[in-house]
Amino acid sequence: MKSQATMICYLMLFLVTEYSCYASKIHIKDGDKLQRPEGKPKTARIQEKCHGPCITSSNCSQPCAQHFRGEIGFICNQNKWQKSTETCTSLSVETLFEDSNSASRLSVAAPSIPLRILDFRAPEPIKSVAQGIRRNCPLDYACITDVVKSSEATAGNIAFIVELLRNISTDLSDNVTQEKMKSYSKVANHVLDTAAISNWAFIPYKNASSDLLQSVNFFARQLHIHNESENIVDELFIQTKGFHINHNTTQKSFNFSMSMSNSTEGILGIIEIPKEELWNLPPNTSQAISIAFPTLGAILKEAHSHNVSLPRPVNGLVLSVILPERLKQILLTFEKINKSQNARAQCVGWHSRKRKWDESVCKTTLDVRNKVKCRCNYTNVVMSFSILMSPKSIDNKVLDYVTCIGLSISILSLILCLIIEATVWSRVVVTEISYMRHVCIVNIAVSLLIANVWFIIASNFNKKPQDYNWCVAVTFLSHFFYLSLFFWMLFKALLIMYGILVIFRRMIKSRLMVIGFAIGYGCPLIIAVTTVAITMPRKAYVRPDACWLNWDNSKALLAFVIPALVIVAVNLVVVLVVAFNTQRPSIGSSKSQDVAIIMRISKNVAILTPLLGLTWGFGIATLIEGTSLIFHIIFALLNAFQGFFILLFGTIMDHKIRDALRMRMSSLKGRSRVAENASLSPTNGSKLMNR
């Protein structure tokens with residue numbers, strides 16, 4: 001890492017989907033679009049200071065100017081009031097879809113804002129942005145662009161527009177055309193204006209700029225290109241190009257040229273695809289899309305102005321490149337804005353999960369006064385296991401290694417566990433209780449095995465357009481089988497309590513089986529299906545960056561977390577009851593007897609902890625945003641290896657299973673000896689000679 005005196009000269013965003021890699025050429029001629037359009041962002045007239053004494057670290061707030069809703073927050077710094085946050089907005093659910101000609105009056109809200117204003121022609125209330133756009137401008141989204149472009153670029157309006165774009169990306173990205181992409185980009189262009197940059201720093205939600213970037217890329221990812229090459233978007237602060245490519249395409253080099261601030265000359269950005277990378281593409285034609293942002297680097301910096309990991313300014317374009325999964329490398333050339341000899345360069349990529357620039361994905365191959373060349377790689381990694389409980393995706397190499405190694409060992413252990421159970425089944429299920437105990441172990445092993453397999457499949461999905469439904473299906477199956485794991489653990493705990501508390505009355509086997517399968521598979525199915533039914537109409541079942549239950553939009557993750565943690569709490573009570581019943585003190589007991597009791601309790605707790613899923617209790621820590629990485633590692637370590645623990649404590653440490661295995665091996669050895677003696681007997685020899 002260089003010192004703060006040096007500068008980041010070139011920054012790029014590196015994304016991967018099924019599309020082909022390319023370089024596109026968008027050029028703004030000198031004098032073109034250098035003046036902002038009439039609907040340029042303006043600075044709102046807002047209260048700039050608080051009244052009263054200014055005491056260090058004290059806070060105050062003031063209402064926004066007339067026609068704005070919200071407030072401005074101030075903090076006292078060095079005996080002066082300084083603006084810290086702002087929520088002033090003139091955009092609202094009433095104005096977003098308002099028809100100036102009164103042909104129809106629509107009032108549309110974001111999915112999180114309830115609304116009951118009716119269309120004159122359609123009596124049904126409009127409840128979402130998607131519904132409003134489908135009624136007013138389903139082909140091009142043009143009905144919202146004028147309202148947005150005429151609004152002032154306050155922090156509150158910027159936050160509103162970012163949320164609007166995110167909702168469109170979530171709910172209206174199933175059939176993205178060039179016309180829709182143009183309207184979408186006009187809305188994004190409004191908040192990317194140089195006049196709006198300073199206001200991004202006052203948005204209370206500091207990840208707004210990262211959400212904007214992710215929304216634009218997710219929406220562009222769904223775009224379908226019809227011609228061989230298309231200039232899709234040509235706005236002042238966002239440009240998009242797309243084209244078709246396949247493995248026969250020769251190496252190409254295409255340019256972006258965009259004006260920065262008030263400069264009259266364009267700043268260049270060049271994307272090159274090595275020929276050897278193009279050979280990896282399939283024979284069928286694919287498509288590629290790239291987006292150039294001249295101001296986004298400064299906006300990301302402003303939005304993270306207190307982030308020590310970004311001490312240096314952006315000194316070039318930000319390029320967002322949507323690439324196919326088979327292409328692993330791309331070359332980029334950036335022209336420097338600041339061409340000073342002291343402006344050293346560093347190539348980095350934006351990490352959408354960590355929400356920061358990542359130096360590990362790009363390497364600087366050339367750094368001269370006016371330009372820098374970068375070689376950037378993309379590698380797909382398995383989702384870390386802690387994502388099952390954590391609202392946010394955590395990327396860390398240690399977590400990835402723990403997840404990969406743990407799941408591999410667990411899958412092999414569970415397969416071995418099932419083989420052992422099948423081998424000794426007839427010898428260990430002699431009573432109703434032992435029968436149901438092994439039914440529970442088998443179903444726990446089966447549920448965890450299938451869930452782990454689906455988790456691995458889900459972690460390798462790149463959320464490509466045609467894979468969205470598959471991602472939903474994979475997430476559903478993972479959700480269902482992980483829930484089945486917990487409910488079978490719950491049934492096992494109930495069996496233990498039944499055996500402890502009910503001594504003289506036994507339930508018949510068939511009734512236990514019905515109850516067991518109803519709890520083990522019926523309850524998870526109801527929860528999983530209900531979750532899909534509630535969240536799928538808003539496309540809020542899965543996360544935008546991973547094939548797992550959504551948190552930000554629908555809180556669908558709670559449909560897994562709440563049942564799991566409730567079952568863990570119930571099973572913990574069962575373990576405590578078992579530990580209490582194991583302790584059988586007697587009058588005048590010796591120290592050796594006390595030690596034996598402690599050992600017996602410890603053994604029971606050790607055996608029951610993985611079988612009843614108590615290790616998942618560490619998931620409580622991962623639910624808390626900003627929690628230490630160590631809790632994610634502990635959670636992943638304990639639960640990724642759960643299959644191994646089930647094999648060890650549920651199968652190998654069971655003396656009845658070990659005895660049954662010995663008898664089985666002895667029986668097999670006995671049969672082999674009998675067969676060998678029979679084959680070597682004189683009678684068999686004489687028969688062989690007589691044939």
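**View 1. Tyr-141, a buried residue in a loop.** In this predicted model, Tyr-141 has a relative accessible area of 2%, so the residue counts as buried. Tyr-141 belongs to the loop that runs between α1 (129-136) and α2 (145-149). Have a look at the backbone here too: phi is near 60 degrees, a positive value in a residue other than glycine.

**View 2. Trp-488 and Phe-517 meet edge-to-face.** The structure holds 19 aromatic pairs, and this is one of them. The ring centres of Trp-488 and Phe-517 are 5.2 Å apart and the planes stand at 90 degrees, which is why the pair is edge-to-face. The two rings come from distant parts of the chain, 29 residues apart: Trp-488 from helix α11 (residues 468-501) and Phe-517 from helix α12 (residues 509-535). Trp-488 is buried at 0% relative accessibility, whereas Phe-517, at 36%, is partly exposed. Both rings also belong to a cluster linked by ring pairs, together with Phe-480, Phe-481, Phe-491 and Tyr-521.

**View 3. Phe-560 and Trp-616 form another aromatic pair.** Here the distance is 6.0 Å centre to centre, with 75 degrees between the planes, and the pair is edge-to-face. Phe-560 sits in helix α13 (residues 558-582) and Trp-616 in the loop between α14 (591-611) and α15 (619-623), so the pair ties together parts that are 56 residues apart in sequence. Both residues are buried.

**View 4. Lys-555 lies over the face of Trp-551.** Lys-555 is at 4.9 Å from the ring centre of Trp-551. This lysine is part of the loop between α12 and α13, and its phi is positive, about 60 degrees, although it is not a glycine. With 36% relative accessibility, Lys-555 counts as partly exposed.

**View 5. Lys-509 places its charged end over Tyr-435.** The charged end of the lysine is 4.2 Å from the centre of the tyrosine ring.

**View 6. Confidence along the chain.** A friendly word of orientation for this last view: the chain averages a pLDDT of 75, and 73% of the residues score at least 70. Confidence is highest in helix α4 (residues 178-191), at a mean of 93, and lowest in strand β2 (residues 26-27), at 32. Over residues 100-123 pLDDT stays under 50, and the model has 54 contacts beyond four places in sequence for this stretch. Residues 305-310 also stay under 50, with 4 such contacts.

Conventions:
Residues are numbered from 1 along each chain as its sequence is written. This is a predicted model: local features need pLDDT of at least 70, side-chain atom pairs count only at pLDDT 80 or more; totals for chains, interfaces and linings use all residues. Side-chain values use heavy atoms; hydrogens and water are left out. pLDDT is the predictor's confidence in each residue, from 0 to 100. Helices (H or I, at least four residues) and strands (E, at least two) are DSSP runs, numbered from the N terminus. Contact means heavy atoms within 4.5 Å. Rings of Phe, Tyr and Trp (its six-membered ring) pair if their centres lie within 6.5 Å; planes under 30 degrees apart count as stacked, over 60 as edge-to-face and the rest as tilted. Buried means under 20% relative accessible area, exposed over 50%, partly exposed in between (1.4 Å probe, protein chains only). A charge sits over a ring if NZ of Lys or CZ of Arg is within 6 Å of the ring centre and within 35 degrees of the ring normal.
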